[in-house]
Amino acid sequence: MLAADNLVTHPGPLEDAVSHARALVEGAQSAMTDYETRKRELGVIDFSDMVTNAARILEEKPAVLGAIMDEVDCVIVDEFQDTNPIQFTFLWALARRAKRALIVGDTKQAIMGFQGADPRLTVALTQQFETSPLDRNWRSDPRIMDFVNALGPCLFGDDYTALAAQNAAGHDTALEVIELANKRGARSGGKPQHFIADRLLSLLTDDQVTIVDRHSKALRDLEPRDVAILCPTHNHCASYAAALRALGLPVRVAEGGWWQSKIVQAACFALRFAVDPADNHAAICTATLGPGATPLTEALGALARKGRIDTPELAALQGLWPDSLATPVDRLVHQVIQVVGLRDWCDRLDDPAQMRADLLRFEAEAAAFMEAHRDMREASGFYGQSANVFLGWLENKVGLKGEDLRPNPAGAEADGIEIVTWHASKGREWPVVVVCGLDHKLDPRAGTFSTKFPGFDDLDHVIEEATLAYAPDFAAPEATARFLHELYPESEETARRLLYVALTRARDRLIIEWPQDDDKVEPPLPLTARRLLHDVCSIKLQGNEITVGSANFPSRMTICDKEIPASFDTVGRICLASSNREPRFAIERRAIGQLTSVISPSQAIATARPLPSQIDTRAISVGVRLTGSDLAQATDKGTAVHEALRILLCRPDLRGRVSQHCRVSDAEVQVLEQQAQALRQTLAELGYPRLHIEQPIEIALTDGGRQSIIVDLIAEGAEGFIIIDHKSGPIADHAVRFESYWPQLAAYIDAVGNRGGKPVNGAAVFWTETGELTIGLGI
């Protein structure tokens, strides 16, 4: 391991390697400096900046810290073992000034080192302050806790505090071991995932196997959602999921985020092609990824020979193209899904319920994009409402922390056997847990960077002496091993904590997959959970017992054969290709009726309401045409005008803040102020003195749903209302332009008339560029 400020030079052939590693570290530091410089140039910050900047404010501005702490009675930090020192710097500034502070953490579960969390920080706190160790467990069967308590001192020494189980012992098996006959890499016979799937199939089909319901505390049959398989890596998760599916068992597995879901990617490319049939990349991806599953070589060949790819899906999407740019994104997404047949395709993919849930979220995101306030979208750099803007907005959104999670198709709880990594299992629990992959190597890895903290004696300055460390990866294994050697103690501690987390997730039954010995006798010995249990904890399997030291624990033992279990016998089975699978989950096919277009008022182009009998245009003020360089887009100018008029009509006393807030000149503010006064005076003269500015109203849509809209101005008088909509931009013919906006105004008239308690007597458009008001009366 190399630290940028303290490199140890080894004599001989390694000197060049050390120089190379030093250059890598310095290169990484240079890249980080460039990254910081670029952020400053763009005026942006990332998540780490939010934390460090907050900590810096609290340190440099005591008045800010004092104002915060005056309002706080107690600071509580949960899951403290996952706190990295940078986060601690911020939290410690609050905790040390708080009237009371409570810090909750468990170093035995400190497994987030890859995120910078350092368990020594928790240890330092426990050594310097009063602690109250937790000595009870409300999750697991007492027989499971007795087993874990026997392993605890072996894994953690005197630092381990035994946990007394608070639940009553169950009536069924609590501990179970499945001993494998083959090594995981064996070329023939059954794989570990086959035997685990076979055992779970027998448990789920045995009506004598029950668990204690978490909520009712009553016994009930074991269901797939009660079972979890914990694996060390995502690759392991995928192999166990495939074995379960082969037996027809429902599965919930973390196989990547929502954005990378196959159905979501297919929908994205299909949408891109619908608005631009010349997009060859979108055409290739739609053809090869979607329901048609055109081979890539065939698609590329067709594109090279004919300049196009002929598939039913692409032809259907081309049919949408003429109207695609004028179609609201949420409606266009629905059309794309329908013509490509993505909903039916979900039923033929693995985990159909999950795929349908992913697709439903895609539709919901399109609706959310349309409903998002324009200013909020534009503040994020996304202008307009086109499909490509939507996809850019969506990709940016899922890049945020916590936004790329896949929706659960069954609500709060999974409806299948859940397969997660050891890391992801932290903080969760299931009635039945299978811990797999104890033979996976947890050795330190070369080619990785980390941050090193020399000590935590001074909690007020934990990050000031931090250094960047690099574990190099050389062509010569012996050279790499020399640098990785000092990382082994830390990796072994992490392995012990990972094992502890995995073994403490079960409530009723803990099943351990016991792999064959790796047969390694010469150092360096691989670091695996099996070795920890065997070499460190002295675990032995004999008869129907697990022995840890001198303690014996009753356990159900299954010794597997080398051959694949009979449940995987393919005789008489029909192996369907992925494109010809039967729909699952008893999905009922129903005819889809004629779809009703859902159009919001701003996109309405027709109305049954006749035009007003009297349309009159009058000049009421001077006009304004914004010229500021900060308002290059027409949408920017329209937003500035609307915002300025809102302020000047509602709060004329804030006139002095309009220029900076709306990015307009003082001269332009003066004209807009005159327009606001003229509008108020003109409407009062017409008998409508009371103004409701930017009034939100909920309207009914054609599909039975509802949408919130904002009417720019509603003027109220004793006899009723007049609706006024502000429009910027030049006007050649006031009557023609008024008529083009009439469907939108008519929708507003219906909404206000239904809720206002008075009739709507007229509608008007205020043309801000000319200072004219076109009024339609007699409606």
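## Rings and cores: worked exercises

Arg-361 lies over the face of Trp-258, 4.0 Å from the ring centre; a charge counts as over a ring when NZ of Lys or CZ of Arg is within 6 Å of the ring centre and within 35 degrees of the ring normal. This is a predicted model, where local features need pLDDT of at least 70 and side-chain atom pairs count only at pLDDT 80 or more, while totals for chains, interfaces and linings use all residues. Residues are numbered from 1 along each chain as its sequence is written, and side-chain values use heavy atoms, with hydrogens and water left out.

**Exercise 1.** Find the ring that sits under the charged end of Lys-727.

*Solution.* Look to Tyr-741: the charged end of Lys-727 is 4.2 Å from the centre of that ring.

**Exercise 2.** Classify the ring pair Phe-362 and Phe-390, then place both residues in the chain.

*Solution.*
1. Start with the rule: Phe, Tyr and Trp rings (six-membered ring for Trp) pair if their centres lie within 6.5 Å, and planes under 30 degrees apart are stacked, over 60 edge-to-face, the rest tilted.
2. Here the centres are 5.8 Å apart and the planes at 65°, so the pair is edge-to-face.
3. Now the helices (DSSP runs of H or I, at least four residues, numbered from the N terminus): Phe-362 is in H15 (residues 352–371) and Phe-390 in H17 (residues 387–398), so to speak distant parts of the chain, 28 residues apart.
4. Both Phe-362 and Phe-390 are buried, meaning under 20% relative accessible area with a 1.4 Å probe, protein chains only.

**Exercise 3.** Which residues touch the most other members of the largest nonpolar core?

*Solution.*
1. A nonpolar core is a set of buried Ala, Val, Leu, Ile, Met, Phe, Trp, Tyr and Cys residues joined through side-chain atoms within 4.5 Å.
2. The largest one has 46 residues, and Leu-271, Leu-317, Val-336, Leu-342, Phe-362 and Phe-390 touch the most other members.
3. Helix H9 (262–275) is among the helices that each supply at least two residues; H9 gives the most, with ten.
4. Leaving out residues up to four places away in sequence, Phe-362 touches, among others, Trp-258, Leu-271, Phe-390 and Leu-394, where contact means heavy atoms within 4.5 Å.

**Exercise 4.** Decide whether Ala-241 is buried or exposed.

*Solution.*
1. Ala-241 is found in helix H8 (residues 234–246).
2. Its relative accessibility is 0%, so Ala-241 counts as buried.

How values were computed. Buried < 20%, exposed > 50% of the residue type's maximum accessible area, 1.4 Å probe, protein only.
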